[in-house]
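Okay, thanks everyone for coming. I'll talk through one structure today, going from a pair of helices out to the whole thing and then to a few odd spots. Here it is on the screen.

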Amino acid sequence: MQTIDSANQEALRRLLAGEPVLVDVVPASQAIAGLADRTILHAGPPISWDRMCGPLRGAIMGIAVFEGWAADLDDAASKAAAGAFAFHPNHHFAAVGPMTGMTTRSQPVMVVENRAFGNRAYCAINEGLGKVMRFGGNDAAVLDRLRWMRDVLGPALGRALRKSGGIPLKPLIARGLTMGDEMHQRNVACSSLLLRQLAPLLAQTANGSEDLVACLGFIGANDQFFLNVAMAMGKALTDPARDVAGSSVVTAMSRNGTDFGIRVAGTGDRWFTAPVEMPVGIYFPGFSERDANPDIGDSAIVETVGLGGFAMAAAPAVVGYVGAGRASQAAAFTHAMAEITVGANPAWTIPAMDFAGVPTGIDIRLVVETGVTPTINTGIAHREPGVGQVGAGVVKAPLKCFEDALVAFAQSMGVA
Amino acid sequence: MDPTDHDRPNDLLAAPPRIVNVGLELFAVDLAALGAKVMHVQWSPPAGGNAQLAGLLNKLRT
């Protein structure tokens with residue numbers, strides 16, 4: 001009989017064996033089967049309009065106007081409340097999205113193919129910092145930027161990537177870790193490394209120099225451009241582990257601003273949820289924790305594959321940025337995550353820890369036994385729709401998700 | 001134990017205490033504030049002392 005430990009080793013093997021490659025950017029309607037008209041994919045586990053937080057409602061109002069499904073924001077809110085739109089988690093469509101995580105038909109999505117297993121995962125393009133839709137922004141400037149991304153940037157990136165034959169992400173991440181990125185709140189190295197590969201391809205395929213300058217300038221000005229690539233990669237890596245029977249390894253962690261949810265290999269696609277917690281961090285000038293929205297976004301998929309808070313030791317600069325203490329304490333976060341994971345990733349190593357691999361494969365048994373919960377590095381959104389990012393911090397996954405998952409897992413194993 | 005050990009001065013009692021504190025960190029913090037050399041070990045009962053979850057963990061240990 002297969003033991004839980006051996007099932008977990010199989011889940012870990014699948015997580016580590018993935019070969020993620022950024023292959024394309026296409027409209028979501030073309031990439032995601034079943035993404036219907038007036039359907040809005042969002043971050044986190046399932047949620048209804050009446051339980052959504054401010055930024056998520058703000059983003060939904062904005063994207064409905066962007067798609068032409070509502071005349072203005074008020075009209076969008078009325079229609080949303082009346083049930084005119086279908087809401088589903090990104091995770092149910094092989095997709096992920098940062099913060100509010102809007103994915104709709106005409107948005108361009110980045111396509112990451114896991115060539116070891118043949119599956120694909122999707123994520124919209126990062127909009128940059130400041131007032132953006134992922135933080136609930138929905139004014140004219142936000143919607144104009146999305147239109148430019150749909151009409152110019154997305155098609156340009158698609159042409160460039162198709163010409164490249166695909167950009168392998170595993171070695172790129174490995175290099176980024178040695179350059180101080182943890183791929184959640186610090187992506188400056190990987191964004192730069194990716195742009196270095198994209199720039200000549202964009203130059204060869206762009207529709208004129210004006211578009212080329214705009215695309216290069218947009219990517220070059222955004223330190224977090226790579227975050228969405230890393231997220232699609234995380235989803236592409238974790239999906240093959242979703243059906244490992246008898247495994248207690250976590251295959252998804254995600255938040256919708258109201259609930260935190262996890263999925264576990266041995267219990268399939270069931271969500272285990274608990275109220276989200278408030279990030280603890282540092283606020284931009286003029287803002288404080290009174291302005292903050294609770295934890296939100298699919299971006300914890302990067303922690304699920306051993307990056308972000310799990311790779312904190314690779315990114316001492318992030319510790320200060322997210323207000324988590326001194327740079328010298330960075331390794332303590334990674335050591336703590338090693339206590340709740342089943343292995344380490346030999347392909348992604350941390351120089352400051354003598355090239356130890358990032359801790360990978362969260363085991364719900366270890367979380368419940370130790371009480372040590374996953375550390376997630378995160379941006380902080382304003383609680384009101386339309387304002388945007390107000391800070392960055394660290395948040396803990398709620399223990400209750402793991403306790404509930406453990407009970408269900410025990411039932412599935414016939415021991416509860 | 002070597003029987004002659006009984007005849008030697010006991011270093012443990014003669015030297016300043018070196019302390020390993022397990023569990024509640026407050027004790028370690030107080031001792032450190034008094035100048036004692038103390039190492040804290042983070043520990044808590046399995047599943048935070050929840051008997052039902054600890055029982056399930058025992059059954060899921062393989």
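Let's start with two helices in chain A. Helix α3, residues 54-66, and helix α4, residues 73-81, pack with their axes 8 Å apart and at an angle of about 110°. Angles from 65 to 115 degrees count as roughly perpendicular, so that's what we call α3(A) and α4(A). I should say right away that this is a predicted model, so please keep that in mind for everything that follows.

Who actually meets whom there? From α3(A) we have A:Ile60, A:Met61, A:Gly62, A:Ala64 and A:Val65, and across from them in α4(A) sit A:Leu73, A:Ala76, A:Ala77, A:Lys79 and A:Ala80. If you sort that contact by class, you get eight nonpolar residues, one polar and one charged.

Let me stay with A:Lys79 for a moment, which is in helix α4 of chain A. Is A:Lys79 buried or exposed? Somewhere in between: A:Lys79 has 19 other C-beta atoms within 10 Å, and buried would take 20 or more, so A:Lys79 goes down as partly exposed. Setting aside neighbours within four places in sequence, the contacts of A:Lys79 are A:Ala64, A:Ala70, A:Ala84 and A:Phe85. And to give you a feel for distances, take A:Lys79 and A:Met353: they're 274 residues apart along the chain, and their C-alpha atoms are separated by 53 Å.

Now the second helix pair in chain A. Here it's helix α5, residues 140-164, and helix α8, residues 209-220; their axes come within 10 Å and cross at roughly 85°. That makes α5(A) roughly perpendicular to α8(A). On the α5(A) side the contact is made by A:Val152, A:Leu153 and A:Ala156, and on the α8(A) side by A:Asp211, A:Ala214, A:Cys215 and A:Phe218. By class, the contact of α5(A) with α8(A) comes out as six nonpolar residues, no polar ones and one charged.

Okay, zooming out to chain A as a whole. We've got 14 helices and 16 strands in chain A. The radius of gyration of chain A is 20 Å, and the globule rule gives 22 Å for 416 residues, which is close, so chain A is as compact as a globular protein of that length. Along the principal axes, the C-alpha atoms of chain A fill a box of roughly 60 × 50 × 45 Å. Out of its 416 residues, 59% count as buried. And if you take the contacts in chain A with a separation of 6 or more, 73% of them come from residues 24 or more positions apart.

What about the inside? The largest nonpolar core has 144 residues, and those with the most contacts inside it are A:Val109, A:Met110, A:Val112, A:Tyr122, A:Ala232 and A:Ala311. Helix α9 of chain A, residues 225-238, gives the most to this core, with ten residues. Picking out A:Val109, and again leaving aside neighbours within four places in sequence, its contacts include A:Val25, A:Val26, A:Ala95, A:Tyr122 and A:Cys123.

On to chain B. Chain B has three helices and two strands, and from the N terminus on they run α-β-α-β-α. Of the 62 residues in chain B, buried ones make up 6%.

So where do the two chains touch? There, 14 residues of chain A are in contact with ten residues of chain B. On the chain A side, α1 (4-17), α13 (364-370) and α14 (399-412) each supply at least two residues, and α14(A) gives the most, with four. By class, that side of chain A has eight nonpolar, two polar and four charged residues.

Last thing, two backbone oddities, one in each chain. A:Met183 isn't a glycine, yet has a positive phi of about 75°. You'll find A:Met183 in the loop between α6 (170-178) and α7 (188-205) of chain A, and with 32 C-beta neighbours inside 10 Å, A:Met183 counts as buried. In chain B, the one to look at is B:Ala47, also not a glycine, with a positive phi of about 55°. B:Ala47 lies in the loop between β2 (37-41) and α3 (51-59) of chain B, and B:Ala47 is buried too, with 23 other C-beta atoms within 10 Å.

That's what I have, so over to you.

Definitions and conventions. Residues are numbered from 1 along each chain as its sequence is written. Chains are lettered from A and ligands numbered from 1 in the order in which they are written. This is a predicted model: local features need pLDDT of at least 70, side-chain atom pairs count only at pLDDT 80 or more; totals for chains, interfaces and linings use all residues. The radius of gyration is taken over C-alpha atoms; the globule rule is 2.2 Å times the number of residues to the power 0.38. A residue is buried if 20 or more other C-beta atoms lie within 10 Å of its own, exposed if 12 or fewer, and partly exposed in between; C-beta atoms are placed from the backbone. Two residues are in contact if their C-beta atoms, placed from the backbone, lie within 7 Å. Ala, Val, Leu, Ile, Met, Phe, Trp, Tyr, Cys and Pro count as nonpolar, Asp, Glu, Lys and Arg as charged, and the others, Gly among them, as polar. Axes are lines fitted to C-alpha atoms, for helices over the stretch in contact, and angles run from 0 to 180 degrees between N-to-C directions. Angles under 35 degrees count as roughly parallel, over 145 as roughly antiparallel, 65 to 115 as roughly perpendicular and the rest as oblique. A nonpolar core is a set of buried Ala, Val, Leu, Ile, Met, Phe, Trp, Tyr and Cys residues joined through C-beta atoms within 7 Å.
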